[in-house]
Amino acid sequence: MEKRMSEQELIGSFEEALNYGHIFACYQPKINHSTGRMIGAEALMRWKHPVFGLQYPSDFIPVLEKNDLIYKADLYIFETVCKFQRKCLDSGIPIVPVSCNMSRFDIYHDDYVDNIEAIRAKYDVPVKFMHIEITESSAIGGMELVSDVLNRLHSYGYMVEMDDFGSGYSSLNVLKDLDVDVIKLDMRFLSGGIGGRGGAIINAMVQMAKWLDTPVIAEGVEKLDQADYMKSIGCSYVQGYLYSKPVTEDEFIEKLKTTDFEPVSPVIEMDNMDAGKFWDPDSMETLVFNNYVGGAAIFSFLDGKIEMLRVNDKYMKEIGMNMTEQEVLSCQPWDCMDEHNKQVYSDALSRAAETGEEITCETWRTICSKTCGEDKICIRSAIRMIGKAGEQYLFYVMVRNITNEKKNFETLYDSERRFRFASEHANVYAWEVDLSTKQMRPCFRCMRDLNVPPVVYDYPEPLIENGIFPPDYADMYRDWMKQLEQGVDHLEAIIPLTVGRVPFHVRYTTEFDENGKPLKAYGSATLVVDGEDKKE
Ligand code: C2E
Ligand code: CA
Ligand code: CA
């Protein structure tokens, strides 16, 4: 018999479920779509009640979270996975890194990292086989907490994957500020499919991830065309029903035995190369240079001067703007850059020379060509030193013209920043209501403190239901919504909010279109502190 268990039933049988293994882990492989090999797996919690049957995470995880039981459950799954990995090591089953989910509520337990580390040590599983997925929404509780957990995980050597990237408002900020090792982009968050707007957004996100040299795993991939599309934009790692549903431990062992494994590789691969071979027209390097890499060039650097030595056809396409090869070769890249960009580029060169590693930078350049006139373009360069003689350095650079992506990014970033302004700086809760669709979008404070989801449908019903608006104010509040829809431009009152009935000064202002039709209502709530607010 399968029956959805009530909250009370779940809470009541939780301890028993842990003790008797009713809660356990399933495994879903992560695959490199280009090679068909497995790169790892994710552990997903399952609960099979002896009488009520299989319960779904979407039902029981929120209950565990709400009742502060998720922490224990997450540690339990982590331990289950450690035991599993130990079994693989001991019995010669091929082993792959497995990621465990960290609930955003685990962040508030400051012994999370030490606890999992103690468990891992107990089973003596090398840390490279245990990854942690943190969700983007953890950042709602404040960046400092997440960033602290991330640093501590890193200090023990854990790889950290950013889960559900693209689901929230703060994606771009989170990506910029958190140094995660892998980004998981959920295809299911896409509206409009890969053909339309969704494709453009995914593309922009994958590009951004590349700028940060962070590999991306696309999850929720159900169809071949989705996987192919991701591959075409340079993201071959996929997880989803296309390859496999989450499977039991035994089925997973079968998969481990029959599937090849490969590690996740860094974003840009370039082997060490020997400078001399580039001058040999018959060498493999020359062949590769001319045919198989993207835009690439070789230049020398001496006394602050760059001399372009060789460029390939694709380089010409990326920045050439119809110039002849001769024109490109004779041009000093410095001359196209302003002081700031010059500094960025020369810093990158110094670092490439010092470290011997590939260094990337982005610079805006003003290109002037006889045929196309003047234009500003943004170039991403991946620079590597390939030779040095005295004070003269030889560099290999791969370039990509990222002007369009850059512009997309700025637009996305701007609109997001505008949206978040209200909540971050003023001490208020703010939200907006689309009066035609009844969709409400809260500020991040509402999301953090009141647990409001990023989009509330059929507003205000869900918030009345969960008690943010007390029942005795529900009808008044519904009436407010009607008034706003009918074009009232301002409303305000002191309303007790949440089950705690904390008094807030709630205000609405309406935005109209050019015909006077009400479009959106902007709501705010300010705490009433000892009559202070009342004096207005
Ligand atoms: P998630 O971390 O984003 O996990 C991926 C979810 O997507 C899983 O759902 C997986 O079964 C599902 N999925 C994978 N591929 C596809 C696909 O191609 N199509 C569709 N429609 N779905 C796909 P699941 O197992 O039901 O878990 C749901 C959520 O519950 C997880 O989302 C995660 O947030 C949470 N969860 C699961 N296990 C744990 C756990 O051990 N600890 C914590 N804190 N949360 C967990
Ligand atoms: Ca996950
Ligand atoms: Ca996910």
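This talk goes through the calcium sites, the surroundings of ligand 1, an aromatic cluster and two individual residues of the structure shown above.

Good morning, colleagues. Please keep in mind throughout that this is a predicted model.

I shall begin with the calcium ion that is ligand 2. Which protein atoms serve as its donors? They come from E42 (OE), N101 (OD1), E133 (OE) and D163 (OD), at 2.1 to 2.3 Å from the ion. Along the chain, these donors are arranged with the spacing E-x58-N-x31-E-x29-D. Two of the donors deserve a closer look. E42 belongs to strand β2, residues 37-49, and D163 to strand β6, residues 159-165, so this pair ties together parts that lie 121 residues apart in sequence. E42 has a relative accessibility of 4% and therefore counts as buried, given that the cut-off is under 20%. D163, at 6% relative accessibility, also counts as buried.

D163 brings us to the other calcium ion, ligand 3. The two ions, ligand 2 and ligand 3, are 4.0 Å apart, and D163 coordinates both. For ligand 3, the protein donors are D163 (OD), D164 (OD) and E219, the last of which is listed with two OE donors. Their distances from the ion run from 2.0 to 3.1 Å. The spacing of these donors along the chain reads D-D-x54-E. Here again the site joins separate stretches of sequence: D163 is in strand β6 and E219 in strand β8, residues 216-219, so the pair ties together parts 56 residues apart. Both D163 and E219 are buried.

While we are at strand β8, let me point out V216, which is also placed in that strand. V216 is buried, with a relative accessible area of 8%. Its C-alpha atom is separated by 9.8 Å from that of F165, and the two residues are 51 positions apart along the chain.

I turn now to ligand 1. How many residues surround this ligand? There are 22, and the closest are R46, D74, R188, E222 and Y241. By class, the shell divides into nine nonpolar, five polar and eight charged residues. Which elements contribute to the shell? Strand β2, helix α2 (57-66), helix α3 (70-91) and strand β6 each supply at least two residues. Of the elements, β2 gives the most, with four residues. Strands β2 and β6 have thus come up before: β2 holds E42 and β6 holds D163.

Several polar atoms of the protein lie close to polar atoms of ligand 1. An N or O atom in the side chain of E222 is 2.5 Å from a nitrogen atom of the ligand. A backbone N or O atom of M45 is 2.9 Å from a nitrogen atom of the ligand. The side chain of N101, which is also a donor to the calcium ion (ligand 2), has an N or O atom 3.2 Å from an oxygen atom of ligand 1. As for coverage, ligand 1 on its own has 800 Å² of accessible area, and the protein covers 84% of that.

Next, the aromatic residues. The structure holds 18 aromatic pairs. In one of them, the ring centres of W431 and Y508 are 5.9 Å apart with the planes at 85°, so the pair is edge-to-face. W431 sits in strand β15 (residues 429-434) and Y508 in strand β18 (residues 502-512), and the pair links parts of the chain that are 77 residues apart. Both W431 and Y508 are buried. F469 and Y477 form a stacked pair, with 3.8 Å from centre to centre and 25° between the planes. F469 is buried at 4% relative accessibility, and Y477 is buried at 1%. These four residues belong to a cluster linked by ring pairs, made up of W431, Y459, F469, Y477, W480 and Y508.

Finally, a word on T403. T403 lies in helix α14, residues 403-425. Is T403 buried or exposed? T403 is buried, with a relative accessible area of 7%. What do its side-chain polar atoms meet? One lies 2.9 Å from the backbone nitrogen of C378, and a polar contact of 2.5 Å joins the side chains of T403 and N401.

Thank you for your attention.

How values were computed
Residues are numbered from 1 along each chain as its sequence is written. Chains are lettered from A and ligands numbered from 1 in the order in which they are written. This is a predicted model: local features need pLDDT of at least 70, side-chain atom pairs count only at pLDDT 80 or more; totals for chains, interfaces and linings use all residues. Side-chain values use heavy atoms; hydrogens and water are left out. Donors are N, O and S atoms within 2.8 Å of the metal (3.2 Å for Na, K and Ca); water is not among the atoms, so sites may look incomplete. Buried means under 20% relative accessible area, exposed over 50%, partly exposed in between (1.4 Å probe, protein chains only). A residue is near a molecule or strand if one of its heavy atoms lies within 4 Å of it. A polar contact is a pair of N or O atoms within 3.5 Å; within protein, one must be able to donate a hydrogen and the other to accept it, and residues adjacent in sequence count only if both atoms are side-chain atoms. Accessible areas come from the Shrake-Rupley method with a 1.4 Å probe; for residues, only the protein chains shown count as cover. Ala, Val, Leu, Ile, Met, Phe, Trp, Tyr, Cys and Pro count as nonpolar, Asp, Glu, Lys and Arg as charged, and the others, Gly among them, as polar. Rings of Phe, Tyr and Trp (its six-membered ring) pair if their centres lie within 6.5 Å; planes under 30 degrees apart count as stacked, over 60 as edge-to-face and the rest as tilted.
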